[in-house]
Amino acid sequence: MAKSSGGSLLSAIHLDKKAGQSLQYQLYIALRDMILNGSLHGGERLPASRVLAEELTISRTTVISVFDRLTSEGLLESRTGSGSFVKDVFSQQKKLISTLHKRSKAEPRHNKESDNTRRPMVSRSFLKKASQLPAPVAHSVSQSFSTAIPAIDAFPLPLWARLVAKHSRLPNLTRYNSSKGSAALRDAIASHLHTDRGLVCDAEQVYITSGAHQAFSFLSHLLLDPGDKVWIENPGSRVARNGLLQSEPELIPVPVDDEGINVAAGQQMTRNFRLATVTPSHQQPRGVLLTLPRRLALLEAADQANAWIIEDDYDGELFYNKEPLPTLFSLSQQQRVIHVGTFSKTIFPALRLGYFVVPEHLVDSVDKVINSFLPAVPLPVQAAVAEFIENGHFATHIRRSKKLYEERYHALMRGIDQHLADFISPIPTATGFHLLNLFRQETGEADLTQAAAERGILVRPLANYCAAPVTERGIALGYGCIQPHEFDTSCATLADAFRAVTKA
């Protein structure tokens, strides 16, 4: 005869008629928990619904509803003429555990390394991509010399807060939207590119992304097959390299000199490339401008190889003492250049907003797949940036930023001349807010980076930008987020780190 749980069950159930939860829900939770924690064993018979209702002074309908729910969930079973019984839901699990326990006693123990091989592994494709990524840069508490942080102190945050608040309250901006981006923002970007960069395009050629990395990741899937040869600058942009690795291409690290990417060297390495990615307006990290002869040579090489070029214009608006050269997008007669831009350097990095512009003949192909491959950027953010551009606030901010970065650039150069001239030789630049400095004497990049971090200074070693070894050694210093009065102290502290490393 099946064991009845009447007495112990009734003493364990406590219902509170004054609680915010219904009596039905309280009874369901009580019975469910008793079954799952083993207080009610498999095969035990529950009191009849009438008896349970009388003892708990609740409606019988309530009890029947709870029994039906637990039965539908597989925790009770109803036997005609006999009542409701706890289902033995754990019997199979117990048998499996017992079998495994016996097997573990019979089989010899493996060492930890061997045990790991029996676990599910991440994909070989992921491991291959991860092995090609540069080592992460250690971050210090201070943002001194960070190459990624612009002059947040110069950004009109109160104005920005009002725009975001305004567009976050509009109900038509809370719906799902196209991954291509809002028409207003694409129009604003097309107009800005025409005015500021001389790049003529229609809004239909512009696509909005969550930053430049997402643009490169999408474009790698769109343009590349595994094994395709891709020219990348060496040293060059980590963002571009990491994004392109999504499609497992064969990366061809092409050397860079004072004129930008060395096209002749790239052709000696391979003429049959599928894509080249470059930072022509401000080479990452050398800071040099891709000269006009090199631009034309790169376009000619791409024409011969029937290859694409991705132009990474990550801070091309920030020229502060000369006019920029025409974009590769504008120079390409064969329309084989894709222009990638970001607001991380001109607004702030946390915005995570970027875009890319494709030739007209590629629009249909991108439109067919963009919504399936990319999540859409939130509409309120897009609307705020669109109004920020349309009302002239962005152009005003760029003008102020260029003046500020030029002042901070010269302040850094004075700090280097006063404190660091024995240790580094800067490569002059005319754009953005980072400066590459080559070591004057034998110094370990990793040692210097660590010594600087211990003193609260953040620098980025040249090796961190390299996909293949280079003979030069150096560090990139950012000057966007440093206040003018901090340069002297920061340079002096960095000089102390150099002395500690060179003495060792």
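In this predicted model, Asp303 and Arg336 form a salt bridge, with their closest N and O atoms 2.6 Å apart. Asp303 sits in helix α13, while Arg336 belongs to the loop between α14 (328–331) and β9 (337–342), so this pair ties together parts that are 33 residues apart in sequence. The two partners also sit in contrasting surroundings. Asp303 has a relative accessibility of 31%, so it counts as partly exposed. Arg336, at 10%, counts as buried, because the cut-off for that word is under 20%. The general idea behind such pairs is simple: side chains of opposite charge can pair when their charged atoms come close.

How many salt bridges does the structure hold? There are 16, and two others are worth visiting. Let us go to Arg286, which forms a salt bridge with Asp258; here the closest N and O atoms are 3.0 Å apart. Arg286 lies in the loop between β7 and α13, and Asp258 in the loop between β5 (250–257) and β6 (260–261), so to speak two distant parts of the chain, 28 residues apart, are linked. Arg286 is buried, with a relative accessible area of 6%, whereas Asp258, at 52%, counts as exposed.

Next comes Lys180, whose side chain meets that of Glu204 in a salt bridge of 2.9 Å, taken from N to O. Lys180 is in the loop between α8 (157–168) and α9 (183–197), and Glu204 is in the loop between α9 and β3 (206–209), so this contact ties together parts 24 residues apart in sequence. Is Lys180 buried or exposed? With 7% relative accessibility, Lys180 counts as buried, while Glu204 is partly exposed at 39%. These two residues also have company: Lys180, Arg186, Glu204 and Asp367 are linked in a network of salt bridges.

Now let us turn from charged pairs to nonpolar side chains. The largest nonpolar core has 79 residues. Which residues have the most contacts inside it? They are Trp231, Phe343 and Leu494. Helix α17, which covers residues 393–420, gives the most to this core, with 9 residues. Apart from this core lies another one, of 26 residues, and among them are Leu223, Ala240, Trp308 and Ile338.

The model also has open space to explore. Rolling a probe the size of a water molecule over the atoms shows where empty space is left. The largest pocket holds about 700 Å³ of space, and 30 residues line it. Of these, Ala148, Val239, Gln284, Lys345 and Arg460 lie nearest the centre of the pocket. Two elements give two or more residues to the lining: α10 (212–223) and α11 (238–244). The largest share, 3 residues, comes from α11. What classes of residue make up the lining? It has 12 nonpolar, 12 polar and 6 charged residues.

Gln284, which we just met among the residues nearest the pocket centre, brings us to the backbone. Most residues other than glycine have a negative phi, and most peptide bonds are trans. The bond joining Gln284 and Pro285, however, is a cis peptide bond, with omega about 15 degrees. Pro285 is found in the loop between β7 (275–278) and α13 (292–305), and Arg286 of the salt bridge described above lies in the loop between β7 and α13 too. A cis peptide bond also joins Asn234 and Pro235, where omega is about 0 degrees. Pro235 lies in the loop between β4 (229–234) and α11, the helix that gives the largest share of the pocket lining.

What about phi? Thr57 has a positive phi of about 50 degrees although it is not a glycine. Thr57 lies in the loop between α3 (49–56) and α4 (60–72), and at 52% relative accessibility it counts as exposed. Asn306 is another such residue: it is not a glycine, yet its phi is positive, about 55 degrees. You will find Asn306 in the loop between α13 and β8 (308–312), and it is exposed, with a relative accessible area of 54%. That brings us back to helix α13, where our walk began with Asp303.

Definitions and conventions
Residues numbered from 1 in each chain as written. Predicted model: local features only at pLDDT ≥ 70, side-chain atom pairs only at ≥ 80, totals over all residues. Heavy atoms only, no water. Core = buried A, V, L, I, M, F, W, Y, C linked by side-chain atoms within 4.5 Å. Buried < 20%, exposed > 50% of the residue type's maximum accessible area, 1.4 Å probe, protein only. Helix = DSSP H or I, 4+ residues; strand = E, 2+ residues; numbered from the N terminus. 1 Å grid on protein atoms, 1.4 Å probe; cavity = no way out; pocket = protein on both sides within 12 Å on 5 of 7 lines; lining within 4 Å. Points joined across faces, edges and corners; volume = space filled by probe spheres on them. Nonpolar A, V, L, I, M, F, W, Y, C, P; charged D, E, K, R; others polar. Salt bridge = Lys/Arg side-chain N within 4 Å of Asp/Glu carboxyl O.
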